[in-house]
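Please look through the structure shown here with attention to how its helices pack and how its charged side chains pair.

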Amino acid sequence: MNQDDLLPVGLEDALPVRSRAIVQAMRAVLDSMDSHGYDRVRPPLVEFEKSLAGRMEGIATRRMVRFTDPDSLRTLALRSDMTVQVGRMAATSLAEAPRPLRLCYAGDVALLKADQLDPARQRLQMGAELVGSDSVAAASEIVSVAIDALEAAGVANISLDFTLPDLVDTLAEKALPLDAGRREAVRRELDTKDAGGLSAVGGEAYLPLLYATGPLPDAIEKLAAIDAGGALASRIAGLRDIAASVGDRARLTLDPTERHGFEYQSWFGFTLYGEGARSALGRGGTYVIKGSEEEATGFSLYIDPLLDALGDRTPNPRKTLYLPIGHNRNVAARLRAIGWRTVAAITSEENAAELGCTHRLDGAEAVSL
């Protein structure tokens, strides 16, 4: 292959079979979200850098592909997360729309550099956002919509890992006091599950949180047992209610100190997994849209791990009809209208089967090859 034809690291072509699988999964996810009343929006691929970075906490501009707009001379960036764009739309163009506002989306996002766990620099992101509430009811709905979307795409044995992203801040205010300078260090050591490091930075009181993990029923009891002064009572009650709404539709676990990927979430977050997927299918939770300070709840899914979960399953084949030279165009149009896919002959020497056709038009009849 010519060196000029090579793609940059982290980018790849999606050829016909994979493209068909992507489109089928995306349609299933979007149709499922639409059935729950979520209207699709399509934000632009490029925005001003400050707009993309200013609507959510934890959005790192250093990960964005940036360049100068020749018109305004301001810095533009390719979106790295569509959630922030939905937040902007909700706070501006849709500010007067009735709440709760239900929106969904699908589109590509780009990263300047890939991380070690995921080498892709371009990803198809799909998701739903319920703007106007971060209540237990809103979280329960979003979790249910996420499960339905994955099931519609064909994912089996779904599991969810719950977390409490603002756990340290909540406890540090009064129950387990920490000055602002030590909070980030305690968060870091909790995230890495390093008991020794946690003690070294003055977070001994937080050590029991490292063990309040695992299957939700047991882990939530451990969390409740160390709830200093009832500071986490409302959050624990919320987790129980959300879990009750899920029932036996998914396996539930708890890791209350997990923060990787939850930088802009507020009180509740969750990670989605499925059988066969090598990594998380997506994440969700509650957050606040900066600027409007409006609460919201949502989730995002990514297509690559979703396709992993579907395995080597070939997309549903479509009946494809070969149309010989001189075929009846009215008949062909009628067959397309009832669901047939057609391939018209260009020359008389073509091999219909090699072109992927399953049938051949003979007069007004479709005949199997």
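Which residues in α4 meet which residues in α9? In this predicted model, Val136, Ala139, Ser140, Val143 and Ile147 of α4 are in contact with Gly238, Asp241, Ile242, Ser245 and Val246 of α9. The residues of this contact divide into six nonpolar, three polar and one charged. The axes of helix α4, which spans residues 136-153, and helix α9, residues 233-246, come within 9 Å and cross at roughly 35°, and the crossing in which α4 passes α9 is right-handed.

Helix α4 also takes part in a pairing of charges, for the side chains of Glu141 and Arg102 meet in a salt bridge with an N to O distance of 2.8 Å. Because Glu141 lies in helix α4 and Arg102 in strand β5 (residues 101-110), this pair ties together parts that are 39 residues apart in sequence. Glu141 counts as partly exposed, at 24% relative accessibility, and Arg102 is likewise partly exposed, at 25%.

Elsewhere, Asp169 of helix α5 (residues 167-173) forms a salt bridge with Arg183, at 3.7 Å from N to O, and Arg183 lies in helix α6 (residues 180-191), 14 residues apart from Asp169. Asp169 also forms a salt bridge with Arg187, the closest N and O atoms being 2.4 Å apart, and this pair links helix α5 to helix α6 across 18 residues. Asp169 is partly exposed, with a relative accessible area of 29%, whereas Arg183 is buried at 15% and Arg187 is buried at 13%. Together with Glu173 and Glu184, these three residues are linked in a network of salt bridges, and the count of salt bridges in the model comes to 17.

Notes: Residues numbered from 1 in each chain as written. Predicted model: local features only at pLDDT ≥ 70, side-chain atom pairs only at ≥ 80, totals over all residues. Heavy atoms only, no water. Axes fitted to C-alpha atoms, helices over the stretch in contact; angles between N-to-C directions. Helix = DSSP H or I, 4+ residues; strand = E, 2+ residues; numbered from the N terminus. Left-handed = near helix turned anticlockwise from the far one by under 90°. Contact = heavy atoms within 4.5 Å. Nonpolar A, V, L, I, M, F, W, Y, C, P; charged D, E, K, R; others polar. Salt bridge = Lys/Arg side-chain N within 4 Å of Asp/Glu carboxyl O. Buried < 20%, exposed > 50% of the residue type's maximum accessible area, 1.4 Å probe, protein only.
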